[in-house]
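Biologist: I should be grateful for a close look at a single part of this structure, with its surroundings described residue by residue. Please begin with one side chain and then work outwards to the cores and the charged pairs.

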Amino acid sequence: MFSIQIANNNHIHFAQTICDEMEASAKVRGTGIAKRSAEYIVEKIQEGKAVIALTENKEWAGFCYIETWQNEEYVANSGLIVSPEFRQSGLARMIKSKIFELSRTKYPNSKIFGLTTGLAVMRINSELGYQPVTYSELTTDEKFWKGCQSCVNFEILQSKNYKNCLCTAMLYDSNIKEQKNAKEENSISV
C-alpha cells in the first residue's frame with residue numbers, strides 16, 4: 001500500500017535519492033531524460049509543486065513534479081520516477097493522477113503537456129485526457145528546451161530545429177476538452 005501526497009519539507013531528504021534514480025533509470029532504458037539536481041527537486045518540494053509516494057514504512061517509492069512555462073500558460077508534469085522495486089504495481093498511474101489533479105487545481109487554465117519515450121506513460125496520459133500533438137503545440141519557452149540539453153537525444157532535437165525528436169509530445173488542453181464536451185452534450189440533446 002502506498003501513500004501518495006503533495007511533497008513537503010519532511011520529504012526533502014529524499015531529493016538526492018530521487019535524482020540518482022532518475023539518472024540510473026535513464027541509463028538502463030537507454031533513453032533520454034533531462035537531469036535535475038537535488039537542489040532543483042528541493043525547490044519543487046518547497047514550492048508545493050511535487051507529489052511523492054511512500055510505502056507504509058515511509059520508504060520512498062515514487063515522485064513527480066510540476067514546471068510552469070510562458071507565464072503559466074503551459075504546465076509540464078515532469079520527472080515521473082518509480083523506485084525499481086515498485087514498478088509494475090500501478091504506482092506510476094497513481095502518481096500521474098495525483099500530479100495531474102494538483103496541476104489542474106493550481107493552474108486550472110493552463111495547458112498541461114509532457115514529453116515521453118515510454119509507452120506506459122503514453123497510456124497513462126491518454127487515460128487522463130492528453131492527446132498526442134506536434135511540438136509546435138508546446139511551449140516556445142527557451143528555458144524548457146534547454147532542459148533537454150542533458151538528454152542523450154538532444155542532438156536530434158537540435159537538428160530538427162526543436163520541432164521533432166524521439167519523444168512523443170502529449171497535451172491536455174482543458175479549453176478543447178470543455179468545447180468537445182459541450183458539442184457532445186448539444187448533439188445528444190438535439
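Modeller: N125 is buried in this predicted model, its relative accessibility being 2%. The residue belongs to helix α4. Its side chain makes a polar contact with the side chain of K96, at 3.0 Å. When residues up to four places away in sequence are set aside, N125 touches K96, Y130 and M170.

One of these neighbours, Y130, leads to the nonpolar interior. Y130 is listed with L91 and I95 as having the most contacts inside the largest nonpolar core, which has 22 residues. Two or more residues of this core come from each of β2 (50–55), β3 (60–69), β4 (74–82), α3 (91–106), α4 (119–128) and β7 (168–173). Helix α3 supplies the largest share, namely five residues. The surroundings of I95 can be listed in full: beyond four places in sequence, I95 touches I4, V51, A53, G62, F63, C64, L80, I81 and V82. Another core, of 17 residues, lies apart from the largest one, and A7, I41, F63 and I81 are among its members.

The charged side chains may be taken next. Side chains of opposite charge can pair when their charged atoms come close. A search of the whole structure finds five salt bridges. Helix α4 takes part through E127, which forms a salt bridge with R93, the closest N and O atoms being 2.8 Å apart. This pair links distant parts of the chain, since R93 is in helix α3 and E127 in helix α4, 34 residues apart. As to accessibility, R93 counts as partly exposed at 36%, whereas E127 counts as exposed at 54%, a value over the 50% cut-off.

A further salt bridge joins the side chains of E21 and R87, with 3.2 Å from N to O. E21 lies in helix α1 (residues 15–29) and R87 in the loop between β4 and α3, so this pair ties together parts that are 66 residues apart in sequence. E21 is buried, with a relative accessible area of 16%, a value under the 20% cut-off. R87, at 34% relative accessibility, is partly exposed.

K44 and E47 form another salt bridge, in which the closest N and O atoms are 3.6 Å apart. Here K44 is buried, with a relative accessible area of 5%, while E47 is partly exposed, with a relative accessible area of 35%. Salt bridges that share partners join K44, E47 and K49 into one network.

Finally, the start of the chain may be considered. M1 is located in the segment before β1 (2–6). This residue is exposed, with a relative accessible area of 76%. Apart from neighbours within four places in sequence, M1 is in contact with L54, T55 and E56. The C-alpha atoms of M1 and L54 are separated by 8.7 Å, although the two residues are 53 residues apart along the chain.

To return to the part under examination, N125 in helix α4 is buried and has a side-chain polar contact with K96, while E127 in helix α4 is exposed and pairs with R93 in a salt bridge.

Note on methods
Residues are numbered from 1 along each chain as its sequence is written. This is a predicted model: local features need pLDDT of at least 70, side-chain atom pairs count only at pLDDT 80 or more; totals for chains, interfaces and linings use all residues. Side-chain values use heavy atoms; hydrogens and water are left out. A nonpolar core is a set of buried Ala, Val, Leu, Ile, Met, Phe, Trp, Tyr and Cys residues joined through side-chain atoms within 4.5 Å. Buried means under 20% relative accessible area, exposed over 50%, partly exposed in between (1.4 Å probe, protein chains only). Helices (H or I, at least four residues) and strands (E, at least two) are DSSP runs, numbered from the N terminus. Contact means heavy atoms within 4.5 Å. A salt bridge is a side-chain nitrogen of Lys or Arg within 4 Å of a carboxyl oxygen of Asp or Glu. A polar contact is a pair of N or O atoms within 3.5 Å; within protein, one must be able to donate a hydrogen and the other to accept it, and residues adjacent in sequence count only if both atoms are side-chain atoms.
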